[in-house]
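Subject: Handing over the two-chain model

Dear colleague,

I am passing the structure below on to you, and after it I set out what was found. Please read the notes with the structure open beside them.

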Amino acid sequence: MSTVSIASSRARLTRRRTRKAAGWSGFYLMLAIFVIVSLFPFYWIVITALKTQPEIAAGTSSLLPGHITWSNFSTILTQHVFVRSLVNSVIIALSTTILTVIVASLAGYGLARTQIRGKQLIQGFLLVAGFFPVIALVGPMFITYRKIGLLDNLGGLVISYFIYTLPLATWFLTSFFSQIPRELEEAAIVDGATRLQALRRVIVPVAVPGIFTVAILGFIFCWNDFLLALSFITSPSKYMAPLAIVNLGQSQYQTFYNLIDAAVVVITLPIALIVLLAQRRIISGLTAGSFR
Amino acid sequence: MTGAPRRQGSYSLAARDRRFGYGLVAPAVIVLLAITAFPLIYNVWNSFHHVDYLFPATFGTFAGVHNYSELFTSGLFLPSLYRTIGFTAVSVAVELVIGMALALALNRRFRGRGVVRAAILIPWAVPTVVSGLLWKSMFDPQNGFVNFILLKLHLPLAHTTWLGQTWTAWGAILVADAWRNTPFMALLLLAGLQVIPRDVYEAAKIDGAGALQTFWRLTLPMLKPALMVALIFRTLSSFLIFDIIYSMTNGGPGNSTQVLAYLNWSAMFVGSNYGLAAAISVALMIMGLIIAAIYVTTFRTEQVQ
């Protein structure tokens, strides 16, 4: 009798185990689908970018790249407008990011550490500004820029890019600074430092992870912009990369997917690298920024 | 008496602290006012004036409600509004369901979680226009993957010009939008899931609650704050979709994928009518406020119950 019960409990155990194993394999299957759907389009883009125009014209017949040609990459990387737009994008995204970090650090410190009145009002304003529809600032800014000569001007573009970066950065740094113990800067002030010096020498070094998070997100948001560059920039020499890529390889009669896709690969690589290296920071910034 | 000078001293210290604080906050506030409050006011002003570069004679003159009435007489606004609402509802629903599945999956501990997270984050980090171009390439009739795989598997529709017809174009736009934005939804929900203490689940398990029951009765209610934030974010940005439409269809075929943000943009840069565009912008801002208010009140009343 006891052997029967042992056998049946063993059978129950293996049944549970197989069910559990089936659950896990179903789980991994689902994850695999997510990963494949996320990444497969990039594979398709890469193999299209490795094809010649005649191969493209003949239509796609294989999942494999087949005959590999690098000519699309050399074509776009010798195209002045495209290379210039990459440089522009890096410079503008970096400048906006640096300015954002400075302005947001100052404001974040003011909100976290001084007794100013209307803190809640300012923080409420930051929240609303973070949701401001970007399309709604295009018209007024266009008319104003036209009047004061900031149209087709990279400096004017940087000012408008603050809409992407400044609300989130200020909010995030305010909460980050609030968590730093007051004793740190008080010690510095007792040692004779001014408050600005305390901010720069004590708070900022401690807040490096938060500043880094804000900087990465700011860079990605600026790098991502299309609407503002499309609206304010007219000279090809001042294009941002997304704007250049849309205008690339379009002739009146056909779309040169091999060129566009090569450009997509070039523009995606640095971002993919940033994501792989700074994944945790990006996620913490995005989610912390959302729990305001 | 003896306390008076000291108090005055500390008062002036507080005043100095405040002045210092205002100085620190001023640059950020001034810049943000210049790029939000100023456009807001200017839009309201422009929406009641003739601001059309093609008609210099009337430029800047008072227009009354002409721009607003033109929204309805031109026959473009209402169809765009309906399309935008329809797209927003469908895309947010799709992204919520898939994003929730993804968040629940990523909330489990398993080997390679970091790799999966990075893999789904890359589509989010790619510029929106680029994701539009990428999917335009995937849906290309001749060289796209979609028709390639349909042809290989001998399935119907293998010769579809996806972006050439209204409903298939919307399908392609939805795929591109969901591909890019679902990870964002998932990450926000995941952050909400990670706040829920694990022992709550253990208690539910001991009480014999099934997986579905646990999800509806436990996970979902505790996820409410994160859910609200994710939904507000995604609904507002879906409502303002522009980059993907511009890069995939340009509002076509015909006007059939023209949404409000696209209409707003083309009023300016195709029509050069900044008064009309301002009226559209004002309408967009009001509708954005309504959407946010609906979410906030819905979630708040549910929390009270």
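Which residues of H12(B) are buried? They are Leu260(B), Ala261(B), Tyr262(B), Leu263(B), Asn264(B), Trp265(B), Ala267(B) and Met268(B), and with 8 of its 10 residues buried, H12(B) is mostly covered.

Before going further, please keep in mind that this is a predicted model, and that its confidence values should be read along with everything else. For the complex, the predictor gives an ipTM of 0.89 and a pTM of 0.88. In chain B the pLDDT averages 88, and 95% of the residues score at least 70. Among the elements of that chain, helix H12 (residues 260-269) of chain B has the highest mean pLDDT, at 95, whereas helix H8 (residues 198-206) of chain B has the lowest, at 82. The stretch to treat with caution is residues 1-8 of chain B, where the pLDDT is below 50 and where the model shows 0 contacts beyond near neighbours in sequence.

On the overall build, chain A has 13 helices and 0 strands, and chain B likewise has 13 helices and 0 strands. Of the 292 residues in chain A, 43% are buried, and 43% of the 305 residues of chain B count as buried. If one takes the contacts with a separation of 6 or more, residues 24 or more positions apart account for 76% of them in chain A and for 69% of them in chain B. As for dimensions, the C-alpha atoms of chain B fill a box of roughly 95 × 80 × 35 Å along the principal axes, and the radius of gyration of chain B is 26 Å, where a compact globule of 305 residues would have one near 19 Å.

The two chains meet in a contact that takes 72 residues from chain A and 70 residues from chain B. On the side of chain A that touches chain B, helix H13 (residues 257-290) of chain A gives the largest share, 16 residues. By kind, the residues on that side of chain A divide into 54 nonpolar, 16 polar and 2 charged.

One residue that touches both chains is Gly110(A), which lies in helix H4 (residues 80-113) of chain A. Leaving aside residues up to four places away in sequence, Gly110(A) touches Ile116(A) together with Gly21(B), Leu24(B) and Val25(B). Why does Gly110(A) count as buried? The reason is that 27 other C-beta atoms lie within 10 Å, and 20 or more are needed for a residue to be called buried. Gly110(A) and Thr174(A) are 64 residues apart along the chain, yet their C-alpha atoms are separated by 8.2 Å.

The largest nonpolar core has 164 residues, and those that touch the most other members are Ala229(A), Ile245(A), Ala263(A), Val264(A), Leu188(B), Leu189(B) and Phe242(B). Its largest share, 15 residues, comes from helix H7 (residues 166-195) of chain B. To take one of these residues further, Leu189(B) touches Gly99(B), Met100(B), Ala103(B), Leu223(B), Ala226(B), Leu227(B) and Ala230(B), again not counting residues up to four places away in sequence.

Helix H10 (residues 224-239) of chain B can be checked against its expected length, because at 1.5 Å a residue its 16 residues should span 22 Å, and its end C-alpha atoms are indeed 22 Å apart, which agrees. H10(B) is also largely enclosed by the rest of the structure, because 13 of its 16 residues are buried.

Finally, Leu71(B) has its place in helix H2 (residues 66-73) of chain B, and Leu71(B) counts as buried because 21 C-beta neighbours lie inside 10 Å. The residues that Leu71(B) touches, not counting those up to four places away in sequence, are Phe77(B), Ala279(B) and Ile280(B). With Ala279(B), Leu71(B) makes a pair that is 208 residues apart in sequence and 7.9 Å apart in space, C-alpha to C-alpha.

With kind regards

Conventions: Residues are numbered from 1 along each chain as its sequence is written. Chains are lettered from A and ligands numbered from 1 in the order in which they are written. This is a predicted model: local features need pLDDT of at least 70, side-chain atom pairs count only at pLDDT 80 or more; totals for chains, interfaces and linings use all residues. Two residues are in contact if their C-beta atoms, placed from the backbone, lie within 7 Å. Helices (H or I, at least four residues) and strands (E, at least two) are DSSP runs, numbered from the N terminus. Ala, Val, Leu, Ile, Met, Phe, Trp, Tyr, Cys and Pro count as nonpolar, Asp, Glu, Lys and Arg as charged, and the others, Gly among them, as polar. pLDDT is the predictor's confidence in each residue, from 0 to 100. A residue is buried if 20 or more other C-beta atoms lie within 10 Å of its own, exposed if 12 or fewer, and partly exposed in between; C-beta atoms are placed from the backbone. A nonpolar core is a set of buried Ala, Val, Leu, Ile, Met, Phe, Trp, Tyr and Cys residues joined through C-beta atoms within 7 Å. The radius of gyration is taken over C-alpha atoms; the globule rule is 2.2 Å times the number of residues to the power 0.38. The expected span of a helix is 1.5 Å times one less than its number of residues.
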